[in-house]
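Open the model in your viewer and keep the selection panel at hand. The tour starts with strands and ends at a pocket.

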Amino acid sequence: MDNDYESVLLIIRECFVYKIPPRTAARGYRASEWGDLGSSFLWKGRLRILAKGDSCSIRLEDANTGELFALCPYNPATNSVEAVLDSSRYFVLKIEHEGRHAFIGMGFQERSDAFDFNVALQDFTKQLQAEKKAAERAAHADDLPKKDYSLKEGQTISINIGNVGAKRNRPTATSSSSSSSSSSPASGGMVPLIPPPPSAAQVKQQQQQQRNNNSLF
C-alpha cells in the first residue's frame, strides 16, 4: 500500500558476495565449493533489510556512498534466500534487476551477523502470518449474521430492583420469664422516671422515727 511506511529491520556493516557454480545437488548449495572464502569474494559492503507493508527486500549497498549493488526481494514462500548446507554464515540470494534474476553467494565473517540476519527474516515472516490470520478473523466476523437486539414495536422491558420503598417492620423482643416482662416498659413505650432523692427534712424525720423505735426496745 502507498500509505505504508518503510522500516529498516537490520543493518550489517560488512558482508561478502561470491560467484557460485550452478546448483548440482537438489538438496542445496555448499560454501566449500565457492573457492577461498577469505579472498575470492567479488564484492564487500553493507547489507540492509527493509520492509514496507507486506514486502521485504535485502539491499547490498556500498558502505560509503550507499550505491546499490544488488537487490534481493525476500519472499518466505520462495527460494529467495537459502542457507548453505555446510556453514551457518553463508547464504544464497536470488537477486533481481529489470525482470531478470541471478543467484549469488553471500556471507559474513561473524556468526552473530548471520544470526541477526536469520532472526530479522524470521520476525518479518511471523509478522506476515499474524497479519494474515487477523485479516481472516475479521473477514469471518463480517460473514456472520448480525444479531438485532433492538426492541420491536410494542415490546417493553420490566426491571425488578427488589424491595425498594417497602416498609420494614421493627422486630419486637419477647421474654420467656415473668421477671423480665414485669421490668419491661409500659405499653405506651414510655420508660418510668426514677423518683427524686428525699429532702433533708425527710431524712431528718426518718432518722428521728428510727431512734424512737429503738428506744421502745
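Two strands count as paired if DSSP finds at least two bridges between them. Keep in mind that this model is predicted.

**Stop 1: β6 and β7.** Select residues 90–97 for strand β6 and residues 100–107 for strand β7. The two run antiparallel, joined by eight bridges. Now pick F91. Which residue in β7 is the bridge partner of F91? M106 is the partner.

**Stop 2: the turn.** Move to the link between these strands. β6 and β7 make a hairpin, with two residues between them. Click E98 in the turn and check its backbone: phi is positive, about 50 degrees.

**Stop 3: the other partner of β7.** Add residues 6–18, strand β1. β1 pairs with β7 over three bridges, again in the antiparallel sense. For a marker, select Y18: G105 of β7 stands opposite.

**Stop 4: the largest pocket.** Switch on a surface. The largest pocket has a volume of about 160 Å³. Select its lining: D4, Y5, S7, L9, A51, K52, G53, F124, Q127 and E131. Which element gives the most to this lining? Helix α1 does, with three residues. Color α1 as residues 111–143 and β2 as 43–52. Along with β1, each of these supplies at least two lining residues.

**Stop 5: the chemistry of the lining.** Recolor the lining of the largest pocket by residue class. Four residues are nonpolar, three are polar and three are charged.

Notes: Residues numbered from 1 in each chain as written. Predicted model: local features only at pLDDT ≥ 70, side-chain atom pairs only at ≥ 80, totals over all residues. Heavy atoms only, no water. Helix = DSSP H or I, 4+ residues; strand = E, 2+ residues; numbered from the N terminus. 1 Å grid on protein atoms, 1.4 Å probe; cavity = no way out; pocket = protein on both sides within 12 Å on 5 of 7 lines; lining within 4 Å. Points joined across faces, edges and corners; volume = space filled by probe spheres on them. Nonpolar A, V, L, I, M, F, W, Y, C, P; charged D, E, K, R; others polar.
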